[in-house]
Amino acid sequence: MRKYLLIGASAFVLGAGSMAYVSQQALASAQAPKVKTYKMLELFGDVLDTVERQYVTEVDDQKLIEAAIDGMLTSLDPHSGYLNPDSFDDMRDQTRGEYGGLGLEVTSEEGVVKVISPMDGTPAFKAGVKPGDFITAVNGESVLGLSVNEAVKQMRGKPGESVTLTIAREKSDPFDVKIVREVIKPKSATAKMEGDYGYLRVSGFNEKTTDEAEAALADLRAKNPKMKGLILDLRNNPGGLLDQAVGISDLFLDGGEIVSQRGRDPRDVERYNARPGDATGGLPVVVLINSGSASAAEIVAGALQDRKRAELVGLTSFGKGSVQTVIPLRGGMDGALKLTTARYYTPAGRSIQKTGIQPDLEVAETRDEAQAIANRAFQFSEASFRNALNAEEGKTRVGAHEPAEAPPEAFNTTTGDFQLARAKDVLRYGSVAATPKLPKPTAKMAEVVSKLPKLEPKPVAK
């Protein structure tokens, strides 16, 4: 018996020794990446020191380090970034629904500031700035290569002062637009009647959006008790706060899931549900979307579509289906990180990221827009960013195709809104399936882009 115990003890000691050896190996392996990280941080310090001593002019260490942090984050995806203390304050002002500026939602694409959408009624909107425009200079000074935060800082200033933006637009020579800055107090939700149907415009999602929409909708119904349906317009809505997207969806849903977000860990799932009660009293709803409908707007559109509460008319949405968490550093004293931490999913489990939300009835706003979709030319979406986060399922955005409908020749697109007209048709006939379809536009051959002139080599100073 003792012999067996000794053998057992010997086996245990050998096993423990093996485990200790394996643990040491595992520890060494775990520390290896950290050693590499420390070496790279040492490299960063060496580079900073060299720049400080040898750059042609004196440098600002703080600006260099902030730019390095921002570069690290923006390399992850287009929506992560570093907010210095001033930018963090600006962001908080914007989400509160009141701030000074031009009224533009912008991003950065390969070092160029690109417009996602101008906000309704703001100076930029009135000046004719469009989604997809590139801003190359502010007051004659180039913003190429600047971070979004730096470029936005140049565009903001005292209300009443003017700023000149240089705009680069497809099929157009660069041009200047002079805009007078205002205190931006965008009313994010407004309502009116369109014939027999209510029309609720939601232009963004700030802290006031749900309250504004609920009040506007209640007032509209009180004044128009015979209202036959509602059109929710989310076109060119760049998004905003998640809780407000949930709040707007909740106005139309009588319970059930609105959206879920899922992080790196498969178990890290957070679900948002609607409360009982429908603010419309069950009226039929049509939602208008286009390629400028992004983020929170896509959450609302996807929720109402999946829950069979509304049908969608317009064009495939932007495809921004990622969640950004703002993480203050030292309580905001050192600014904050804006970090992508999860993806959004519709109630049916669809990822919005890159693919966007496709409408039930695809309708182009103009004949030129229909032609561009057929050519897949000049389309601006999340998928156009080189480092955009992929959709988890590996799906791709719809490619070049003929849009289902476009304005006929007799329709005046200058004075009329064809997408809105078709949304009213869907309400009138009861569904997309029952709505008589218009002839598809005939797509022309894709335009041939002329080759750029060959550049002569420039002499290099030696």
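A helix axis here is a line fitted to C-alpha atoms over the stretch in contact, and angles between axes run from 0 to 180 degrees between N-to-C directions. With that in hand, here's a quick tour of this predicted model. We'll start with a pair of helices, H7 and H8, whose axes come within 9 Å, then look at the nonpolar cores and finish with Ile 373.

**How H7 and H8 pack**
- H7 covers residues 242-252 and H8 covers residues 296-306, and their axes cross at roughly 30°.
- Angles under 35 degrees count as roughly parallel, so H7 is roughly parallel to H8.
- The crossing of H7 with H8 is right-handed.
- On the H7 side, the contact is made by Leu 242, Ala 245, Ile 248, Ser 249 and Phe 252; they meet Ala 296, Ile 299, Val 300, Ala 303 and Leu 304 of H8.
- Sort the residues of this contact by type and you get nine nonpolar, one polar and no charged.

**The nonpolar cores**
- The largest nonpolar core has 40 residues, and Phe 205, Leu 232, Leu 234, Phe 252 and Val 287 have the most contacts inside it.
- H8 gives this core its largest share, seven residues.
- Beyond its neighbours within four places in sequence, Phe 252 touches a mixed crowd, including Leu 200, Leu 230, Asp 278, Thr 280, Leu 304 and Arg 309.
- There's also a second, separate core of 17 residues, with Val 115, Ala 124, Ile 135 and Val 163 among them.

**A look at Ile 373**
- Ile 373 sits in helix H9, which spans residues 367-375.
- Its relative accessible area is 7%, so Ile 373 is buried.
- Ile 373 and Leu 315 are 58 residues apart in sequence, yet their C-alpha atoms are 9.6 Å apart in space.

Key: Residues are numbered from 1 along each chain as its sequence is written. This is a predicted model: local features need pLDDT of at least 70, side-chain atom pairs count only at pLDDT 80 or more; totals for chains, interfaces and linings use all residues. Side-chain values use heavy atoms; hydrogens and water are left out. Helices (H or I, at least four residues) and strands (E, at least two) are DSSP runs, numbered from the N terminus. Angles under 35 degrees count as roughly parallel, over 145 as roughly antiparallel, 65 to 115 as roughly perpendicular and the rest as oblique. A crossing is left-handed if the near helix is turned anticlockwise from the far one by less than a right angle, and right-handed if clockwise. Contact means heavy atoms within 4.5 Å. Ala, Val, Leu, Ile, Met, Phe, Trp, Tyr, Cys and Pro count as nonpolar, Asp, Glu, Lys and Arg as charged, and the others, Gly among them, as polar. A nonpolar core is a set of buried Ala, Val, Leu, Ile, Met, Phe, Trp, Tyr and Cys residues joined through side-chain atoms within 4.5 Å. Buried means under 20% relative accessible area, exposed over 50%, partly exposed in between (1.4 Å probe, protein chains only).
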